[in-house]
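Biologist: I'd like to go through this model with you and ask what lies behind the words you use for it. Shall we start?

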Amino acid sequence: MVKAAFFDIDGTLVSFQTHVVSEETVRAIRQLRAQGVKVFIASGRHVLWINNLGDLEVDGYVALNGGYCVSGEGEVVYRRQIPPEDIRQLLDYQREHPFPCSCVMDDIILTNFRNEVVDEVYRQLHILNPPIGPIEGIADKRVYQLIAFFTAEEEPRIMAHMPHCVATRWHPLFADVVPEGSNKAVGIQHLLVHYGIDPKEAIAFGDGGNDIEMLRYVGIGVAMGNASDEVKAAADFVTTSVDDEGIAYGLKHFGLI
């Protein structure tokens with residue numbers, strides 16, 4: 001029996017074309033919750049930037065790729081920050097080789113500077129006017145994630161300066177940099193323990209590279225039809241695309257609605 005369902009946002013719940021959750025998806029998730037299944041968001045976004053779900057009601061959040069988890073009652077169930085020494089090395093590297101970087105903290109997401117790439121990504125994510133300012137002061141803050149605007153080719157050189165972190169990529173123009181050992185599966189584990197639910201009693205839907213661990217961890221992992229081949233290979237089932245009502249199709253396939 002499925003008791004919990006986890007949904008990625010961008011490319012899974014929300015189309016990159018419309019930036020909203022479709023009416024059929026909203027109906028499907030409402031039916032799921034009405035049957036007693038807890039519904040959670042599992043996203044690379046900070047809770048501060050979850051701005052595109054409309055009036056969809058959920059029971060908690062696995063945010064920042066598992067690094068910041070919040071229950072439906074508003075309790076922070078789990079959080080894991082980037083080691084301060086990695087942040088200091090990043091800042092040293094930035095002085096000589098600056099690249100756009102959004103630093104995700106408890107109550108603010110600060111970006112050092114913008115360029116055309118940053119503007120294009122945030123346009124696609126429907127995030128307007130992210131705060132811009134100097135990031136030198138973050139060394140003394142809890143930083144949970146970096147939205148780092150470097151290419152896959154630049155990644156090894158830059159990540160060598162952050163040895164206790166990993167880069168997970170679901171978009172060609174940037175990577176989510178998180179503490180080593182932090183991923184959506186880890187966040188899901190903490191929320192499931194909080195609610196007393198076994199991983200085998202959970203289903204998850206995703207489309208990006210940062211969803212792979214999550215799809216493998218739960219009892220039923222569902223890849224969207226628009227996912228990459230690598231993500232599809234990690235799933236138990238491939239549904240239709242986000243623009244072809246993949247959430248509703250997948251839930252119906254498993255008899256959950």
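Biologist: What makes the pair serine 71 and glutamate 73 a polar contact?

Modeller: Their side chains come to 3.1 Å. A polar contact is a pair of N or O atoms within 3.5 Å; within protein, one must be able to donate a hydrogen and the other to accept it, and residues adjacent in sequence count only if both atoms are side-chain atoms. So 3.1 Å fits. Keep in mind that this is a predicted model, where local features need pLDDT of at least 70, side-chain atom pairs count only at pLDDT 80 or more, and totals for chains, interfaces and linings use all residues. Residues are numbered from 1 along each chain as its sequence is written, and side-chain values use heavy atoms, with hydrogens and water left out.

Biologist: Why does serine 71 count as buried?

Modeller: Buried means under 20% relative accessible area, exposed over 50%, partly exposed in between (1.4 Å probe, protein chains only). Serine 71 has 3%, so it is buried. Serine 71 sits in strand S4 (residues 68–71); strands (E, at least two residues) and helices (H or I, at least four) are DSSP runs, numbered from the N terminus.

Biologist: And which residues is serine 71 in contact with, leaving aside neighbours within four places in sequence?

Modeller: Asp59, Gly60, Val77, Leu191, His194 and Tyr195, where contact means heavy atoms within 4.5 Å. Of these, Leu191 and Tyr195 are among the buried residues of helix H5.

Biologist: How do you know that the span of H5 is close to what is expected?

Modeller: The expected span is 1.5 Å times one less than the number of residues. H5 (residues 184–195) has twelve residues, for which 16 Å is expected, and its first and last C-alpha are 17 Å apart. At its start, a side-chain oxygen of asparagine 183 comes within 2.9 Å of the backbone nitrogen of alanine 185. Just after H5, glycine 196 has a positive phi of about 70 degrees.

Biologist: Which residue that is not a glycine has a positive phi of about 65 degrees?

Modeller: Histidine 19, in the loop between S1 and H1. Asparagine 65 also has a positive phi, near 55 degrees, and belongs to the loop between strand S3 (60–63) and S4. Most residues other than glycine have a negative phi. Histidine 19 is buried, because its relative accessible area is 16%, and asparagine 65 is buried at 2%.

Biologist: What makes S11 largely enclosed?

Modeller: Five of its five residues are buried, so the rest of the structure largely encloses S11. Ala202, Ala204 and Gly206 cover one side, Ile203 and Phe205 the other.

Biologist: How do you know that S11 pairs with S12?

Modeller: Two strands pair if DSSP finds at least two bridges between them. S11 and S12 have four, in the parallel sense, so they qualify. Phenylalanine 205 stands opposite valine 222 in S12. S1 and S11 are also joined by four bridges and run parallel, with alanine 4 opposite alanine 202.

Biologist: Why is a set of 29 residues called a nonpolar core?

Modeller: The name means a set of buried Ala, Val, Leu, Ile, Met, Phe, Trp, Tyr and Cys residues joined through side-chain atoms within 4.5 Å. This one is the largest, and Leu32, Ile203 and Phe205 are among the members that touch the most others. Helix H1 (23–34) is one of the elements that supply at least two residues, and H1 gives the most, with four.
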